[in-house]
Amino acid sequence: MVRYLETRVLALLLVLLLMSVVVFSFLHLTPGDPVDAMLGVEVEQETKQGLRHELGLDRPLLAQYALWMGRALRGDLGTSIRSRQGVSAIIGEKLPITLELTLAASVVGLAIALPAGVLAAVRRSSTLDLGAMGIALGGVSIPSFSLGVMLILLFALHWRIFPAIGYIPWSRDPAGALRHLVLPAITLGLGLAGALTRMVRSGVLEELGREYVRTARAKGLRPSRVITRHVLRNALLPALTVLGVQISVLLGGAVITEQIFAWPGVGQLAVQAVLSRDYPVLQGTILVIAAIATLVQLAVDLAYALMDPRIRLA
Amino acid sequence: MRLTALQTGDVGLILDVPQARIQDLFAHPSPEYVIRLVRGGAGQGVVILNTRHRPFDNLKVRQAAAYALNKRELAEALYRGWGHPVNQNFAPSSPWYLKVKDRPMDLARSKQLLSEAGMPGGFKTTATVGNGYGLPAVAQVYQAELRRVGIDVTLQVFDIPTWAKRIDSGDFDMENTGFFAKVDPDDGYYRYLHSNGGVWQLSGFLSHAELDRLLDEGRAESDVEKRKAIYTRVVEIVQDQASMVIFGSGDTAVGWRATVHGFVPQTIGALSYPGGGMQETWLSK
């Protein structure tokens with residue numbers, strides 16, 4: 001198990017290193033730089049060059065990367081070119097807000113997918129099954145930008161049940177925080193629900209045909225107990241893998257959802273950093289998101305190994 | 001967001017109150033904060049035709065395009081109801097706003113000039129547009145206006161850094177932008193129009209010997225009346241050459257909490273300036 005863990009952590013570091021190289025290269029290949037973003041067109045080239053020199057943007061790319069990586073290895077992600085604040089501090093402020101949204105979306109996704117998937121499998125080919133699969137298909141098919149706008153139109157503008165945009169910290173107003181969280185969490189969580197429902201349904205269906213289920217039923221166990229005690233434990237293994245992948249997707253999807261709902265998380269931060277070519281902020285943001293996604297994947301793999309001893313032995 | 005911060009008291013003073021909100025703020029004044037209009041504070045809007053690119057290297061084509069533009073519509077689009085048509089880089093409220101008759105919109109004259117330039121049916125061109133500061137809205141307006149005389153403009157919209165890079169390198173047929181408000185005509189004209197100017201590309205690289213000479217003279221002259229004569233001629237040439245079509249000047253507004261005292265807004269939006277600004281400002285709370 002320790003060897004397995006070592007290999008995975010090593011792979012994680014390699015992924016992060018590769019990610020940093022790719023992000024750095026792509027950022028510097030796009031036309032325009034932070035100075036163009038800050039000063040626009042009405043400023044003389046000499047002034048722009050002076051600022052580029054001050055910010056170190058006129059150094060060779062390799063030297064810029066080495067400097068950034070050297071600092072990053074010491075835990076210093078640099079300083080925002082635009083706001084002059086520390087990148088670690090900015091991300092530290094925004095990340096919990098995005099994680100809150102991602103967690104809420106996961107809860108929404110699981111709360112829909114588990115009962116819907118199980119019911120669809122148990123009542124196979126029934127209206128319930130068709131309905132659940134219809135919702136699942138809708139969940140994976142409707143883009144979040146479209147769903148988000150529809151939810152705002154219905155629940156915020158028409159019925160005025162939830163606020164359209166904004167964020168309130170839980171520490172300030174828990175009820176207000178919850179009301180602001182609902183629509184973004186549904187927008188982000190419905191896609192996850194769609195993907196998971198299909199996985200849970202097919203997993204449960206596969207397990208229901210196995211002999212141990214027939215034995216459990218023959219022993220007189222109640223159908224609900226057969227499902228919860230025996231079938232789900234095995235059926236959820238593939239769904240767990242999907243959940244791990246989907247959490248990474250959620251973190252990426254948060255970029256769009258945060259824009260729609262003016263949710264001040266790392267997604268919105270990343271978009272602003274792209275528009276202003278704030279290299280340190282964008283590099284730091286992507287690196288942190290990549291690290292979280294990779295760590296979630298690692299956690300899923302470990303949970304998988306714990307749930308299925310054959311994986312540990314392999 | 002800045003306006004909300006002012007209204008909630010999170011900040012004491014903001015510049016550039018969103019123009020779309022100014023009317024409403026004046027209609028519903030609050031005892032908690034002051035909103036003050038700054039005439040001409042939003043600067044000037046301009047459409048630039050690149051004299052190094054065909055067909056805008058032809059004076060008649062540039063003039064044809066200029067005659068097809070409706071300056072009031074363009075100013076409205078850029079300054080959201082707080083724009084005024086002008087033909088120079090100063091607002092009517094500035095002492096350096098000079099009496100030079102503006103070119104009226106004249107579609108018949110525009111078509112005639114296109115015919116004289118050998119393009120009676122018009123031509124196709126591309127506008128390089130920055131995706132920000134209200135620039136795409138202005139581009140859509142002149143795209144529609146120029147279509148009336150057969151000039152078919154394709155809008156290429158880029159994010160601001162990419163757009164800025166293209167404009168800096170002169171890689172555009174036509175574009176539109178906004179200039180900051182200015183105090184002195186040397187600052188308002190030299191850097192854009194002199195062939196040694198720092199942002200010469202923003203005049204579409206207009207190369208004009210008389211203009212260079214006048215701008216040098218204006219820089220060296222201290223007599224106000226003589227300077228006015230010099231810059232009046234500069235404005236006439238700029239208007240006639242039509243590579244830098246200045247179409248409008250915009251107002252802006254500044255807001256401050258009732259607890260902020262002594263602040264006098266300045267036309268160019270500086271927070272600190274000789275004899276005023278933040279050094280004269282104090283809080284009563």
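Student: A residue counts as buried with 20 or more other C-beta atoms within 10 Å of its own C-beta, exposed with 12 or fewer, and partly exposed in between, all C-beta atoms being placed from the backbone. With that, how many residues of strand β2 of chain B are buried?

Tutor: Twelve of the 17, residues 33-49 being the strand, so β2(B) is largely enclosed by the rest of the structure. Strands here are DSSP runs of E, at least two residues, and helices are runs of H or I, at least four, both numbered from the N terminus.

Student: Any caveats on the model and the numbering?

Tutor: The model is predicted: local features need pLDDT of at least 70, side-chain atom pairs count only at pLDDT 80 or more, and totals for chains, interfaces and linings use all residues. Residues are numbered from 1 along each chain as its sequence is written, while chains are lettered from A and ligands numbered from 1 in the order in which they are written.

Student: Back to β2(B). How many bridges join it to β7 of chain B?

Tutor: Twelve, and the two strands run antiparallel; β7(B) covers residues 244-257. Strands pair if DSSP finds at least two bridges between them. Val46(B) has Ile246(B) as its bridge partner.

Student: And to β6 of chain B?

Tutor: Six bridges, again antiparallel, with β6(B) at residues 174-179. There, Val47(B) is partnered by Asn176(B).

Student: Glu175(B) is in β6(B) too. Buried or exposed?

Tutor: Buried, because 26 other C-beta atoms lie within 10 Å.

Student: What does Glu175(B) contact, beyond four places in sequence?

Tutor: Ile48(B), Ala127(B), Thr128(B), Val129(B) and Ile167(B). Contact means that the C-beta atoms, placed from the backbone, lie within 7 Å.

Student: Now Val235(B). Which helix holds it?

Tutor: α10(B), residues 224-241. Val235(B) is buried, with 24 other C-beta atoms within 10 Å. Outside four places in sequence, it touches Asn87(B), Gln88(B), Leu98(B) and Val100(B). Val100(B) is 135 residues away along the chain, yet the two C-alpha atoms are 7.2 Å apart.

Student: Switching chains. What is the secondary structure of chain A?

Tutor: 13 helices and zero strands. Of its 314 residues, 35% count as buried.

Student: Where does UniProt put the transmembrane regions of chain A?

Tutor: The unreviewed entry gives residues 9-29, 103-122, 134-157, 177-196, 235-261 and 281-306. Positions follow the numbering used here, feature names are shortened, and annotations may be inferred rather than shown by experiment. In the model, residues 9-29 are 100% helix, end C-alpha atoms 30 Å apart. Residues 281-306 are also 100% helix, with 37 Å between the end C-alpha atoms.

Student: At what angle do α5 and α11 of chain A pack?

Tutor: About 130°, with axes 8 Å apart. Axes are lines fitted to C-alpha atoms, for helices over the stretch in contact, and angles run from 0 to 180 degrees between N-to-C directions. The two helices are therefore oblique to each other: under 35 degrees is roughly parallel, over 145 roughly antiparallel, 65 to 115 roughly perpendicular, and the rest oblique.

Student: Which residues of α5(A) meet α11(A)?

Tutor: Ile90(A), Ile91(A), Lys94(A), Leu95(A) and Thr98(A), facing Val266(A), Gly267(A) and Leu269(A).

Definitions and conventions:
Contact = placed C-beta atoms within 7 Å.
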